[in-house]
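Subject: Structure handover

Hello,

Here is the structure for your files. My notes on the aromatic residues and the sheet follow below it.

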Amino acid sequence: MARLALVLDRATEQRMLSDIIDCNHSVVTRVDTAREFLETLSHGQPHVVVVSGRRESLTGQLIAACDERGIRVVALTATEQERRHAGTLGLYETVAIPCDWSNIEDLLVSGVVVPLRVGERQLTGGALNTGSVIAVWGPSGAPGRTTLAINIAAEIAAAGHTVVLADLDTYSASIAPSLGMLDEAPGFAAACRLAGSGSLNQSELERIAQRYNSPKGAFWVLTGLGLSSRWPELSTERVTRTIDALRHWTDYVVLDTGFNLESDEELSSDLRAPRRNAATITALRVADHVVACGLADPVGMARFLRTWSDLTETIGSTTVSVVMNQVRSSAVGLNPRGQVAAMLLRYGSIQDPVLVPHDQGALDVAILTGRTLRDASPKSPVRLGIRRFVLEELIVAPAQASKRMPRRAWWPARKAAPAQ
């Protein structure tokens, strides 16, 4: 039995009221608008709010108040415009009307437990078979984080694994425009909202995620924030729960993070205030493998090396691979690979970086067509370099894992993590 609040027009409310009672629910609030509902919260708190998709009923203030109190929100949408309005607010638990209460009851009953992926079972040792999380990070200045994250996901998918690519950048989310997808309803923020209310499951993930379709390797995509001002929706707790759910959904989770590693607590006197960098820092700390990228030119390497120590302090002993993008002689002179490797070793004690050559034409075609490098320019040296890195370092076959040490950066102040 649940305590319900109804923010509906009278006709819809009356039509459903008897069925609500038959299902042993109690109605604690019956109002017409979001303003009236917010005024009633001081008198009693429902478990679920069933609200009309009209703009005067379904508002950002209503959703924020419910999120703060752990109240689940289900919207009844009469038109495509109302459904899209709910999506822009990050709400994907919607039911199209006209409908019966049974349709809403099915939604309320489902989506409480995060299930395993279809066909996934307990391992022989008794532990759950969870996916691997790869976080892609880079400093400010467009070092190629999003391009690298997209194409890592594409190559892992092409190798036969299930993959979800998620955009966690709270400053400038770029995955959606890079793949030609709509970002008006941010998928990762919606997943965080559902995780916060305990209703994020496989069916919900498949509903809110978009699909990058390709005969050479399709994968799921959770787009980022269309408006950077919505960053408070990505709190540490919500992001942690969402990433954990994604682990149980696909074989690999690829996270495109932001650049900023500053600890927000040092910037605010209110310890309970939301943190803009929480999503990035949380992703880096829970990841199984961090891919740190930078630009292979004097400015790009200077930016990377200045923040390298901050990254190592944030991730601790997590395995990290350093990838330098756009390696070219026109930026650093003769023998660009040797010069870039020498600079990283001298100033960052970074050994064996992954050096990806530059091919602006291939990158331009991929962006113009909204496709991965594998689909847009399969023979590009950029794509081949990323593919080699993915196959050798990120999805090493189990039989080979014990025979070779994964490439990782090394720094004197820390002991390197043992080989997995």
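**Aromatic residues**

Tryptophan 220 and tryptophan 249 are both buried. Please keep in mind that this is a predicted model.

How are the rings of tryptophan 220 and tryptophan 249 placed against each other? Their centres are 5.1 Å apart and their planes stand at 35 degrees. The pair counts as tilted because its angle falls between the cut-offs of under 30 degrees for stacked and over 60 for edge-to-face. This pair connects distant parts of the chain, with the two positions 29 residues apart. Tryptophan 220 belongs to strand S9 (residues 219-222), whereas tryptophan 249 is in the loop between helix H10 (236-247) and strand S10 (252-256).

Tryptophan 220 also has a charged neighbour: the charged end of arginine 211 sits over its ring, 4.6 Å from the centre. A second arginine, arginine 276, lies over the face of tyrosine 171, at 4.1 Å from the ring centre.

Across the whole structure, the search gives 5 aromatic pairs. One of them joins tyrosine 212 and phenylalanine 219, which are stacked, at 5.0 Å centre to centre and with 25 degrees between the planes. Tyrosine 212 has a relative accessible area of 6% and so counts as buried, the limit being under 20%. Phenylalanine 219 is buried too, with a relative accessible area of 0%. Elsewhere, Trp137, Phe304 and Trp308 make up one aromatic cluster.

**The sheet and its helices**

The model has an open sheet of 8 strands with mixed pairing, in the order S8-S9-S7-S10-S6-S11-S12-S13. Which strands form the edges? They are strand S8 (210-212) and strand S13 (354-357), each of which pairs on one side only. On average, neighbouring strands in this sheet are turned by 25 degrees against each other, direction ignored.

At the S13 edge, strand S12 (residues 319-327) and S13 run parallel and are joined by 3 bridges. Methionine 324 has leucine 355 in S13 as its bridge partner.

Two helices that lie across strands of the sheet are worth listing:

- Helix H6 (residues 145-158) lies across strand S6 (132-137), strand S7 (163-167), S9, S10, strand S11 (289-295) and S12. Helix H6 runs at about 170 degrees to S10.
- Helix H11 (residues 278-286) lies across S6, S10 and S11. The angle between helix H11 and S6 is about 130 degrees.

Regards

Definitions and conventions. Residues are numbered from 1 along each chain as its sequence is written. This is a predicted model: local features need pLDDT of at least 70, side-chain atom pairs count only at pLDDT 80 or more; totals for chains, interfaces and linings use all residues. Side-chain values use heavy atoms; hydrogens and water are left out. Rings of Phe, Tyr and Trp (its six-membered ring) pair if their centres lie within 6.5 Å; planes under 30 degrees apart count as stacked, over 60 as edge-to-face and the rest as tilted. Buried means under 20% relative accessible area, exposed over 50%, partly exposed in between (1.4 Å probe, protein chains only). Helices (H or I, at least four residues) and strands (E, at least two) are DSSP runs, numbered from the N terminus. A charge sits over a ring if NZ of Lys or CZ of Arg is within 6 Å of the ring centre and within 35 degrees of the ring normal. Two strands pair if DSSP finds at least two bridges between them. Axes are lines fitted to C-alpha atoms, for helices over the stretch in contact, and angles run from 0 to 180 degrees between N-to-C directions. Contact means heavy atoms within 4.5 Å.
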